[in-house]
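Me: I'm new to this one and would like to learn how to read it. Can we go through it feature by feature?

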Amino acid sequence: MLPIWMGSLIAFVYGTVVGSFLNVCIYRLPAEESIVDPPSHCPKCNRRLRAADLVPLFSFLLLGRKCRYCGAPISWRYFGVELLTGVLFVAVYLRYGFTIDFFAYVLFVSALLIAFFVDLDHFIIPDQVPIAAVIIGVGKDIAHIIAGDGRGLISIPLPWTDFSLPMLPSVIGIVVCGGIFYLIAWVSFYVFRPKDKEALAEYEGAMGGGDVKLAAGTGAVLGAVPALVSFFLAVILGTLFGVTWLVLKSRAEKKGMPWRTELPFGPYMVAGALLVMLAYPQLQALWALWIDFVVTG
């Protein structure tokens, strides 16, 4: 058995390497470009990057945040994504060890990070993200069935019969979470539909289809109940951050400063999913304490 420090180091290095690839996905997927061709290159001078230019974290620092060939500045986001991915991979390792869940969840973390940054920049969630999440969720369930650890199938009782239908937890999560978000999107589309004809022509609904798909993917990986908890946390985080954002926006407008007015919901869904993935037992304990406090006073 590996010492924790060694396992953490392996997870961190693995995460930074994956983070370097995620930077490519975050940049190219919204532009509908291939993530493998052409190879990594400077977006300013188009020079192909050598292996020495692509060492996660270190190349960024050693090059002084500049392209080796044209001197164009490199955004801190590249370094941040690599570091964040490494840290999250370590967190998943400390929570699950090198198990089936570890490999499934680090893949899911990678997909979530793509969704987070792309949605933040472009207000879209690439279809590749929820598709990958569904594959990860179903694959995780099948792996547990093969491993025979008793975590494969859930029996769903059939109404008015003595029979039950065995079902993968991922499939249940897809149907429940995707269905709930689809219903919310459908209802909100008509509730918030503008009356002005010009505004109506550009109206696309209060909730994007990407959020619905991401909800289904989250349900596939986390399971229905944990995923619903993550959505609840996303609403809380969105409310808290949204109020803070409005206060800052108001102050900026008084000073004549430009301020972004719209915020996507996807990043909050990502944050909620990460919290549940890493701390679900602790969240259950906090919820039980809160219920006990409310009931007993």
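Me: Where does Glu32 sit in the chain?

Reply: Keep in mind that this is a predicted model. Glu32 belongs to the loop that links α1 and α2. Its backbone stands out a little: Glu32 has a positive phi of about 55°, although it is not a glycine.

Me: And is Glu32 buried or exposed?

Reply: You read that from relative accessible area, where over 50% is called exposed. Glu32 comes out at 74%, so it counts as exposed.

Me: Which other residue in that loop has a positive phi without being a glycine?

Reply: Leu57, with a phi of about 70°. Leu57 is also found between α1 and α2. For burial, the cut-off is under 20% relative accessible area. Leu57 has 12%, so it is buried.

Me: What about the peptide bond from Asp37 to Pro38, is it cis or trans?

Reply: For that you look at omega. Here omega is near 5°, and the bond from Asp37 to Pro38 is cis. Pro38 is placed in the loop between α1 and α2.

Me: Now the cysteines. How many disulfides are there?

Reply: The test is whether two cysteine sulfur atoms lie within 2.5 Å. By this rule the count is 0 disulfides. Take Cys42: the nearest cysteine sulfur belongs to Cys67 and is 3.7 Å away, so with a cut-off of 2.5 Å, Cys42 is in no disulfide.

Me: Is Cys42 buried or exposed?

Reply: Buried, because its relative accessible area is 6%. Cys177 is buried too, with a value of 0%.

Me: Let's try the surface. Which residues make the nonpolar patch?

Reply: With a patch, you ask who builds it and where they come from. This one covers about 830 Å², and its members include Leu2, Trp5, Met6, Phe98 and Phe103. Helix α1, residues 4–28, gives the largest share, with 6 residues. Phe98 comes from the loop between α3 (76–96) and α4 (100–122). At 36% relative accessibility, Phe98 counts as partly exposed.

Me: Last one: how much space lies in the largest pocket, and which residues lie nearest its centre?

Reply: For a pocket, start with the space and then look at the lining. The largest pocket holds about 770 Å³. Its lining has 30 residues, and His41, Pro43, Leu49, Ile74 and Tyr78 lie nearest the centre. α1, α2 (58–62) and α3 each supply at least two lining residues. The largest share, 7 residues, comes from α1. Notice that α1 also gives the largest share of the nonpolar patch.

Definitions and conventions: Residues numbered from 1 in each chain as written. Predicted model: local features only at pLDDT ≥ 70, side-chain atom pairs only at ≥ 80, totals over all residues. Heavy atoms only, no water. Patch = residues over 30% accessible without salt bridge, like charges linked within 9 Å, V, L, I, M, F, W, Y side chains within 5 Å. Areas by Shrake-Rupley, 256 points an atom, 1.4 Å probe, with all protein chains shown as cover. Salt bridge = Lys/Arg side-chain N within 4 Å of Asp/Glu carboxyl O. Helix = DSSP H or I, 4+ residues; strand = E, 2+ residues; numbered from the N terminus. Buried < 20%, exposed > 50% of the residue type's maximum accessible area, 1.4 Å probe, protein only. 1 Å grid on protein atoms, 1.4 Å probe; cavity = no way out; pocket = protein on both sides within 12 Å on 5 of 7 lines; lining within 4 Å. Points joined across faces, edges and corners; volume = space filled by probe spheres on them.
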